[in-house]
Structure formats: structure tokens, C-alpha cells
Amino acid sequence: MESIYDFASNYEHKKAKALFGRYITNDTILPVLKTLPKAFAFDVLGHSEENRPIYAVKIGTGTTKILIWSQMHGNESTCTKALFDVFNALKTPPFGVILKECSLCIIPILNPDGAKAYTRQNANHIDLNRDAVEVSQVESKILRTAFETFKPDYAFNMHDQRTLFNVGKSNAPATVSFLSPAQDKALTLTPNRLRAMSVIHQMNSLLQKFIPGQVGRFDDAFNINCVGDYFQAQGTSTILFEAGHFQNDYNRENARKFVALATLQALLCISTNSVPKSDPKSDPESDHKNYLQIPENNTLFFDILIKNVLIDPHKSTSVNDIGVSYEEILKGKEIFFVPKIKSIGDLSSHFGHKTFDAKHQAIVCDNPTFLEKGEQLCTIFIENSKFSLLVNNNLL
């Protein structure tokens with residue numbers, strides 16, 4: 001897989017530079033789509049509830065079919081950027097085997113209305129990832145039609161996860177997470193589930209070389225209303241991708257790189273037939289055990305953790321920790337990260353992407369903030385030292 005390492009080492013030159021930040025919409029991707037070579041046939045599959053086009057890119061001539069979609073949740077754009085990085089890789093000879101052996105149908109933004117408004121839901125306030133059975137929304141119908149007409153062997157369901165996720169019990173952020181969704185309540189290890197597990201294991205093996213200990217696994221509780229579970233139940237090997245946090249990367253520019261590398265690894269494994277034809281009647285243990293070695297996600301992170309704060313200066317026993325999380329707000333075409341108090345109490349089992357220690361002293365807050373859940377907390381003073389809690393001083 002030397003080509004992946006070459007791509008990784010030259011990533012800053014090979015990524016889709018026109019796409020940056022969290023706010024990615026149809027207006028953002030259309031100019032890039034128009035620059036793709038003729039081999040990348042892009043078309044309009046249909047239109048959203050607010051009549052925005054839903055684009056698809058089709059490439060490859062192989063018999064193995066892979067359906068990929070991103071931004072089913074409009075405010076989850078990291079994988080969309082990563083897919084355009086993958087397009088750049090697919091233009092080059094080292095990845096030619098993918099296009100020879102596979103046919104790809106890629107929907108960069110399934111929910112363009114949600115992307116425009118920077119919301120999880122679509123224009124009708126429906127979570128498209130809970131609409132698999134009812135198929136009540138135009139966007140859901142478009143994805144279902146693509147699934148039924150394309151008849152994919154594999155489906156990649158691409159999302160973002162919040163900064164609160166950590167890996168297992170560690171203080172490592174879940175920078176990328178995966179799931180081979182269940183297809184029934186019994187969590188049966190069907191051949192298609194096992195194939196998805198095998199691909200995930202191989203993606204994890206690659207990512208451990210770049211972000212050791214920062215790959216997580218979602219639990220596989222079954223919900224047929226979720227698109228991944230539904231497609232898995234139809235016999236298609238389905239993989240959930242979740243892009244998460246990496247150090248101080250709130251624009252998710254590092255996370256996109258790791259998602260792009262994982263996606264290329266998956267495509268190469270599938271196209272070179274390195275995915276075993278698992279049969280649960282024989283020996284499913286290898287794929288399943290490798291998959292289960294990836295620790296499950298946990299939710300132990302705050303964006304900011306302030307430890308040992310004297311909440312009430314009149315009560316020396318009122319020492320607690322304060323957990324702060326960012327609320328993402330769209331203003332114009334920019335995302336602002338507003339720090340708000342999420343929790344107050346004994347948070348000794350939690351972690352912070354940034355941590356302060358008040359050393360059993362009261363903290364002075366910016367004006368006039370109360371130390372209560374839901375309050376905005378932008379600046380704090382600890383022992384006469386001033387600390388900003390903003391992301392690059394980014395605030396409404």
C-alpha cells in the first residue's frame with residue numbers, strides 16, 4: 001500500500017485546497033465538481049425539499065459497486081472534504097486498480113438544505129438517518145432510489161461525531177470511529193457484516209500508524225430506522241465512518257486527512273480482493289475478533305475542563321469541576337464556537353481538550369457570567385492570569 005503513504009506524506013499538496021473549514025455547501029463544492037476530469041461523471045440525482053440539487057459523482061468500470069454518501073446531517077462536513085481529497089488521489093496511477101475493479105457512486109452532500117443552514121436535520125426538521133423505514137423526505141427517497149438502482153456491494157455512510165467522544169477509557173480523542181451496523185436485534189454475524197468488519201479492521205490497522213490509540217468503535221445497538229442498519233439488513237456490507245476531534249483541530253482539517261486515508265485503504269482492500277469471503281457457518285472469529293479489538297467510544301471529553309474551582313467563596317467546601325463545551329453557531333458563512341458551561345460537579349473521570357486547574361480558588365469570569373449550566377464562559381482569571389476559552393478568538 002505504498003501509494004497511501006505517498007499520498008499521506010504529500011497530503012497538503014494533494015488535498016482539495018478549495019474546501020476548508022466546517023461550512024461546506026453546494027455552493028462550495030460545485031466549482032470543484034466542475035473541475036473534475038471527464039472520467040468523473042457528475043450528475044444531479046434529484047432536488048432537496050427546498051429544491052437544491054443533490055449531486056452524485058460516478059467513476060470506475062469495475063464489477064464491485066460501492067455507494068458512498070456524506071452530509072446526511074448538514075452540519076457534518078468533514079467527510080465531504082475528505083471525499084474530494086479521495087477524488088484527487090483517484091486521478092493518479094497508484095490508485096488505478098480501484099477504478100478498474102470498482103464502480104463508485106458518491107453523493108458528497110445528501111442534505112444540501114441542512115448544509116446551507118448548518119443544521120443536523122433537513123428543511124422539514126427531520127433527521128434523515130432516522131428515516132430509513134418511513135422514507136418520508138425527498139432526500140431519503142433519492143438515497144433509496146440510488147441504493148435500489150445501483151445495487152451496491154458496499155455502502156459507506158459518512159458522518160461527523162462531536163468532540164465529547166474519547167476512545168475506551170483513555171484520554172485519547174476518537175479522531176475517527178467506525179461501525180459495522182447490526183441488521184437484526186440478535187446482532188447476527190452475517191457474511192455482509194463480517195466483510196464490513198474486515199474492511200474496518202484494515203482501515204484501523206492503517207490509521208494506528210498515524211493516530212495510534214485514536215480510533216474508536218460505535219456500539220451496534222440495532223435500529224432499523226437508521227439507514228446503515230437498514231442497508232445492512234438488505235445484504236449490503238455497510239460501514240459507518242465518523243470523523244472526530246484531533247488536538248486543537250476545530251476546523252477538522254487533520255481529521256479529514258485521516259478519513260481520506262481510511263477511505264482509500266478501504267477502496268484498495270476491496271479492489272484487490274483482500275477482504276475475505278467470511279462465512280458465519282465456518283469461522284467468523286478472525287474478522288469479528290479483529291473488529292472487537294477496536295475500543296468502543298465513550299463520552300468523557302469536554303472542550304474545556306476547569307478543575308478544582310471554588311464555586312462559592314463563602315463556602316470552602318464548595319469545590320467542583322466545570323465542564324465547558326462549544327456550541328457551534330452559523331453567522332454569515334462562518335461557524336463560531338461559543339463556549340458554554342455544560343456540567344458542574346465531580347468531573348474527575350472526565351478529560352478536557354484544554355484543561356485548567358483553579359487550585360481550590362475562585363475564578364473571575366467575564367461579564368457578568370454566573371457559574372451555572374448553560375451560561376456562556378469566554379474568559380476566566382485564575383490567580384490574576386487571564387485565559388481565553390475561545391477558538392482563535394472566534395465569537396459572535
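**Core packing and local environments in the predicted model**

Lysine 359 lies in strand β14, which spans residues 351-361. The structure described here is a predicted model. The backbone of lysine 359 has a phi value near 55°, which is positive although the residue is not glycine. Its relative accessible area is 49%, so lysine 359 is classed as partly exposed. A positive phi, again near 55° and again in a residue other than glycine, is found at tyrosine 118. Tyrosine 118 is located in the loop between α6 and α7 (138-150). With a relative accessible area of 7%, tyrosine 118 is buried.

The nonpolar interior is considered next. The largest nonpolar core comprises 74 residues, of which Ile66, Phe95, Leu104, Phe156, Phe178, Met203 and Ile239 touch the most other members. Helix α10 (residues 253-271) supplies the largest share of this core, with eleven residues. Another core lies apart from it and holds 22 residues, including Ile335, Ile382, Leu389 and Val391. Within the largest core, the surroundings of Phe95 were examined further. Beyond residues up to four places away in sequence, phenylalanine 95 touches Ser3, Ile4 and Phe7, together with Ala89 and Leu90, and also Leu264 and Leu268.

Helix α10 also takes part in two helix pairs. In one of these, helix α8 (residues 191-207) packs against α10 at an angle of about 135°, and the two axes are 9 Å apart. At this angle, α8 is therefore oblique to α10. The handedness of the α8 and α10 crossing is right-handed. On the α8 side, the contact is formed by Val199, Gln202, Met203, Leu206 and Leu207, which meet Phe258, Leu261, Ala262, Gln265, Ala266, Cys269 and Ile270 of α10. Classified by residue type, the contact of α8 with α10 contains ten nonpolar and two polar residues, and no charged ones. One participant in this contact, Met203, is also among the members of the largest core that touch the most others.

In the other pair, the axes of helix α4 (residues 78-90) and α10 come within 8 Å and cross at roughly 55°. This angle makes α4 oblique to α10. The crossing in which α4 passes α10 is right-handed. From α4, the residues Thr78, Cys79, Lys81, Ala82, Asp85, Val86 and Ala89 meet Glu253, Ala255, Arg256, Val259, Ala260, Thr263, Leu264 and Leu267 in α10. The contact of α4 with α10 divides into nine nonpolar, two polar and four charged residues. Ala89 of α4 and Leu264 of α10 take part in this contact, and both residues are also touched by phenylalanine 95.

Leucine 261 illustrates a single position within helix α10. Its relative accessible area is 0%, and leucine 261 is therefore buried. When neighbours within four places in sequence are set aside, leucine 261 is in contact with Ile4, Phe7, Ala8, Leu206 and Phe210. Of these partners, Leu206 belongs to the α8 side of the contact with α10, while Ile4 and Phe7 are also touched by phenylalanine 95. The C-alpha atoms of leucine 261 and leucine 104 are separated by 17 Å, with these positions 157 residues apart along the chain counted as their separation.

Three further positions were examined. Serine 237 is found in strand β9 (residues 237-243) and has a relative accessible area of 0%, so it is buried. Its contacts, with neighbours within four places in sequence left aside, are Asp153, Tyr154, Ala155, Asn192, Arg195, Ala196 and Gln232.

Aspartate 113 is placed in helix α6 (residues 112-117). This residue is buried, because its relative accessible area of 3% falls under the 20% limit. Not counting residues up to four places away in sequence, aspartate 113 touches Ser48, Glu49, Glu50, Arg52, Ala123 and Glu139. The C-alpha atoms of aspartate 113 and isoleucine 54 lie 9.9 Å apart, at a sequence separation of 59 residues.

Tyrosine 326 has its place in strand β12 (residues 319-331). With 15% relative accessibility, tyrosine 326 counts as buried. Its C-alpha atom is separated by 6.1 Å from that of lysine 340, which is 14 residues away along the chain. Outside the range of four places in sequence, tyrosine 326 touches Tyr250, Asp303, Ile304, Phe337, Val338, Pro339, Leu389, Leu390 and Val391. Leu389 and Val391, two of these contacts, are among the members of the 22-residue core.

Note on methods. Residues numbered from 1 in each chain as written. Predicted model: local features only at pLDDT ≥ 70, side-chain atom pairs only at ≥ 80, totals over all residues. Heavy atoms only, no water. Core = buried A, V, L, I, M, F, W, Y, C linked by side-chain atoms within 4.5 Å. Buried < 20%, exposed > 50% of the residue type's maximum accessible area, 1.4 Å probe, protein only. Helix = DSSP H or I, 4+ residues; strand = E, 2+ residues; numbered from the N terminus. Contact = heavy atoms within 4.5 Å. Axes fitted to C-alpha atoms, helices over the stretch in contact; angles between N-to-C directions. Parallel < 35°, antiparallel > 145°, perpendicular 65-115°, else oblique. Left-handed = near helix turned anticlockwise from the far one by under 90°. Nonpolar A, V, L, I, M, F, W, Y, C, P; charged D, E, K, R; others polar.
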